[in-house]
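Trainee: Hey, got a few minutes? I'd like a walk through a structure that's new to me.
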Amino acid sequence: VFFPSATRFSLPSSFVSDFAFDIPEAIENFSGKFLWMHGTADGVADYENAQIMYDNYDNPRKQSLVVQDGSHGIIGDYGEEAFEGLMLDFMTTP
């Protein structure tokens, strides 16, 4: 659904992905800093499932940004300047 608007190609999103991501399994072996950003009204990636994944990630170097009523376009919902500040802080903090 969103693939054509994101890429300007008239192809279904299933052409490049089946969206069958096993993120909890993938993150199980990850030990680095983790920044989770999500909108509560995201119509693409379920907020509640992502919240469970974040809560289960056992690492003190994790950080989150939850935008109330935010969509999948979280940068626009949060504000570009605020987003840039958040990213700079995340990348420069050990």
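Mentor: Sure, we can go from the overall layout to single residues. Keep in mind that this is a predicted model.

Trainee: Good to know. How many helices and strands does the protein chain have?

Mentor: There are five helices and two strands in the protein chain. Reading from the N terminus, the order is α-α-β-α-β-α-α.

Trainee: And how much of the chain is buried?

Mentor: The chain has 94 residues, and 26% of them count as buried. As for the outside, the protein chain exposes about 6800 Å², with carbon and sulfur atoms supplying 56% of that.

Trainee: What about contacts between residues that are far apart in sequence?

Mentor: Take the contacts between residues at least 6 apart in sequence: 60% of those join residues at least 24 apart.

Trainee: Okay, on to the inside. Which residues make up the largest nonpolar core?

Mentor: Eight residues: I27, F34, W36, Y47, A50, M53, Y54 and Y57. The elements giving two or more residues to this core are β1 (34–39) and α3. The largest share comes from α3, with four residues.

Trainee: W36 caught my eye. What is W36 in contact with, leaving aside its neighbours within four places in sequence?

Mentor: Quite a list: Y47, A50, Q51, M53, Y54, Q63, S64, L65 and V66. One of those, L65, belongs to a second, separate core. That second core has six residues, and L35, V67 and L86 are also among them.

Trainee: Let's switch to pockets. What volume does the second largest pocket have?

Mentor: Its volume is about 170 Å³. The lining includes P24, I27, E28, F30 and S31, along with N49, I52, M53, N56, Y57, D58 and N59.

Trainee: Which elements give two or more residues to that lining?

Mentor: Those are α2 (23–28) and α3 (47–56). The most comes from α3, which gives four residues.

Trainee: How does the lining divide into nonpolar, polar and charged?

Mentor: Six of the lining residues are nonpolar, four are polar and two are charged. Also, I27, M53 and Y57 appear in this lining and are listed in the largest nonpolar core as well.

Trainee: Now the loops. Where is K33, and is K33 buried or exposed?

Mentor: K33 sits in the loop between α2 and β1. K33 has a relative accessible area of 19%, so it counts as buried, the cut-off being under 20%.

Trainee: Huh, a buried lysine. What is K33 in contact with, apart from its neighbours within four places in sequence?

Mentor: R61, F90, M91, T93 and P94. T93 is 60 residues away from K33 in sequence, yet the two are 9.7 Å apart in space, C-alpha to C-alpha.

Trainee: What about P60, buried or exposed?

Mentor: P60 is exposed, because its relative accessible area is 78% and the cut-off for exposed is over 50%. P60 is in the loop between α3 and β2 (62–67). P60 and G32 are 28 residues apart in sequence, and their C-alpha atoms are 9.9 Å apart.

Trainee: One last thing: which phi does D69 have?

Mentor: D69 has a positive phi of about 65°, although it is not a glycine. Most residues other than glycine have a negative phi.

Trainee: And where does D69 lie?

Mentor: In the loop between β2 and α4 (74–78). D69 is exposed too, with a relative accessible area of 67%.

Definitions and conventions: Residues numbered from 1 in each chain as written. Predicted model: local features only at pLDDT ≥ 70, side-chain atom pairs only at ≥ 80, totals over all residues. Heavy atoms only, no water. Buried < 20%, exposed > 50% of the residue type's maximum accessible area, 1.4 Å probe, protein only. Contact = heavy atoms within 4.5 Å. Areas by Shrake-Rupley, 256 points an atom, 1.4 Å probe, with all protein chains shown as cover. 1 Å grid on protein atoms, 1.4 Å probe; cavity = no way out; pocket = protein on both sides within 12 Å on 5 of 7 lines; lining within 4 Å. Points joined across faces, edges and corners; volume = space filled by probe spheres on them. Nonpolar A, V, L, I, M, F, W, Y, C, P; charged D, E, K, R; others polar. Core = buried A, V, L, I, M, F, W, Y, C linked by side-chain atoms within 4.5 Å.
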